[in-house]
Amino acid sequence: MFDSLQERLGSVFDKLKRRGALSEADVTAALREVRVALLEADVALPVVKDFVEKVKVEAVGQNVLKSVTPGQMVIKIVNDQLAAMLGADHVGLNLQVTPPAVIMMVGLQGSGKTTSTAKISKRLTEKERKKVLMASLDVRRPAAQEQLRVLGEQIAVRTLNIVPGEQPVAIAKRAVQTAALEGFDVVMLDTAGRLAIDEELMAEVAAVRDAAKPAETLLVADAMTGQDAVNVADTFNQKVGLTGIVMTRMDGDARGGATLSMRAVTGCPIKLMGVGEKLDELEDFHPSRVASRILG
Ligand code: GDP
């Protein structure tokens, strides 16, 4: 991931590093190349414009042209602005509520929602010693509830027993009640996905939200789907309100635009990232580390 962006920025920076003094024209030319590199990586246009503007303002403010190492300074500014665009600091899951804390997972079908539900449950169980109950609310895809049950067995996490014909809101309520009665700390609700956003999906997710009052509403977004992922996140955020994003397939060869635009467009932090198909391939999302990775 980020390969071609990394390569493009690397060559811009090599040029900058090789020069002792820099003129204003040099900086302008470098920033033009940075702009093209970000656009080619599929970063949203308003985000790119804002980014380049901020780098310019910083470069003037820090008096880069008069510095002894102007090239290094420009690189540092780009690095800092990249991290800021991704959200500056890591934001973790907020489970500081009266238990059970409900985590509602939303997103399109195939984004990695069920896998991420299991990954988060595994991590909360093993690393944070939480008692987790998982429930699938996907009543449309017959295999979905069964898929979560099988994953639950693999990671030794309880799943709510399946009642044929029960509807999503009723399942969510039963999951929360069961968790409260049996002393679970966390309830993971894996909501249904669709191939595209539609009114019915949004109404269903909103109804589940109202019934289950989640502490976290996490959108699962596939990094490989580029700006579509950002549009999906924007819509979910407007219609149901998100508290965070889980970016999946960060192990793939995505150009990176979705990851880079997500925070700026939606205002929501990317909290976690999926880095493989295995159930322990989940990592905290650290903006500064991702920025450093892009800049090599
Ligand atoms: P859902 O329809 O949104 O619930 O999607 P699934 O959880 O069933 O995932 C769809 C496919 O994506 C499965 O084959 C997963 O193994 C795979 N997958 C999920 N997350 C990741 C990830 O972070 N990296 C990779 N490489 N594959 C993933």
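Me: Where should I begin with this structure, and which pocket is taken up by the ligand?

Reply: Begin with the ligand site: the space that the ligand takes is the largest pocket. Please keep in mind throughout that this is a predicted model.

Me: How many residues surround the ligand, and which of them come nearest?

Reply: The ligand has 17 residues around it. Those that come nearest are G110, K113, T115, R249 and D251.

Me: Which element gives the most to the shell around the ligand?

Reply: That element is helix α5, formed by residues 113-126, which supplies four residues to the shell.

Me: How do the residues of the shell divide into nonpolar, polar and charged?

Reply: Sorting a shell by residue type shows what kind of surroundings the ligand has. Here ten residues are polar, five are charged and two are nonpolar.

Me: Which polar atoms of the protein lie close to oxygen or nitrogen atoms of the ligand, and at what distances?

Reply: A polar contact is a pair of N or O atoms within 3.5 Å. On the backbone side, a polar atom of G110 is 2.7 Å from an oxygen atom of the ligand. A polar backbone atom of S111 is 3.1 Å from a ligand oxygen atom. The side chain of D251 also takes part, with a polar atom 2.7 Å from a nitrogen atom of the ligand.

Me: How much of the ligand does the protein bury?

Reply: One compares the area of the ligand taken alone with the part that the protein buries. The ligand alone exposes 590 Å², and 81% of that is buried by the protein.

Me: Turning to the whole protein, how many helices and strands are there, and what box do the C-alpha atoms fill?

Reply: The protein has eleven helices and eight strands. Along the principal axes, its C-alpha atoms fill a box of roughly 70 × 40 × 30 Å. Of its 296 residues, 52% are buried.

Me: Why is helix α10 described as largely enclosed by the rest of the structure?

Reply: A residue counts as buried when its relative accessible area is under 20%. Helix α10 spans residues 257-266, and seven of its ten residues are buried, so the rest of the structure largely encloses this helix. The buried residues are G257, A258, T259, L260, S261, M262 and T266. After α10 comes G267, which has a positive phi near 75 degrees.

Me: How should I read a positive phi or a cis peptide bond?

Reply: Most residues other than glycine have a negative phi, and most peptide bonds are trans, so departures from either pattern deserve a look. In this structure, the peptide bond from P99 to P100 is cis, with omega near 0 degrees. P100 belongs to the loop between α4 (70-86) and β1 (101-106).

Me: Which residues other than glycine have a positive phi, and are they buried or partly exposed?

Reply: F2 is one of them, with a phi of about 65 degrees. F2 lies in the segment before α1 (3-18), and its relative accessibility of 1% makes it buried. A88 is also not a glycine, and its phi is positive at about 60 degrees. A88 is in the loop between α4 and β1, and with a relative accessible area of 40% A88 is partly exposed.

Me: Where is Q145, and how far in space is it from N161?

Reply: Q145 is part of helix α6, residues 142-155, and is buried at 17% relative accessible area. Separation along the sequence and distance in space are read apart from each other. Q145 and N161 are 16 residues apart in sequence, while their C-alpha atoms are 9.4 Å apart.

Notes. Residues are numbered from 1 along each chain as its sequence is written. This is a predicted model: local features need pLDDT of at least 70, side-chain atom pairs count only at pLDDT 80 or more; totals for chains, interfaces and linings use all residues. Side-chain values use heavy atoms; hydrogens and water are left out. A residue is near a molecule or strand if one of its heavy atoms lies within 4 Å of it. A polar contact is a pair of N or O atoms within 3.5 Å; within protein, one must be able to donate a hydrogen and the other to accept it, and residues adjacent in sequence count only if both atoms are side-chain atoms. Accessible areas come from the Shrake-Rupley method with a 1.4 Å probe; for residues, only the protein chains shown count as cover. On a 1 Å grid over the protein atoms alone, a cavity is a set of points where a 1.4 Å probe fits but cannot get out, and a pocket is an open set with protein on both sides within 12 Å along at least five of seven lines; lining residues have an atom within 4 Å of a point. A molecule sits in a cavity or pocket if more than half of its atoms lie within 2 Å of its grid points. Helices (H or I, at least four residues) and strands (E, at least two) are DSSP runs, numbered from the N terminus. Ala, Val, Leu, Ile, Met, Phe, Trp, Tyr, Cys and Pro count as nonpolar, Asp, Glu, Lys and Arg as charged, and the others, Gly among them, as polar. Buried means under 20% relative accessible area, exposed over 50%, partly exposed in between (1.4 Å probe, protein chains only).
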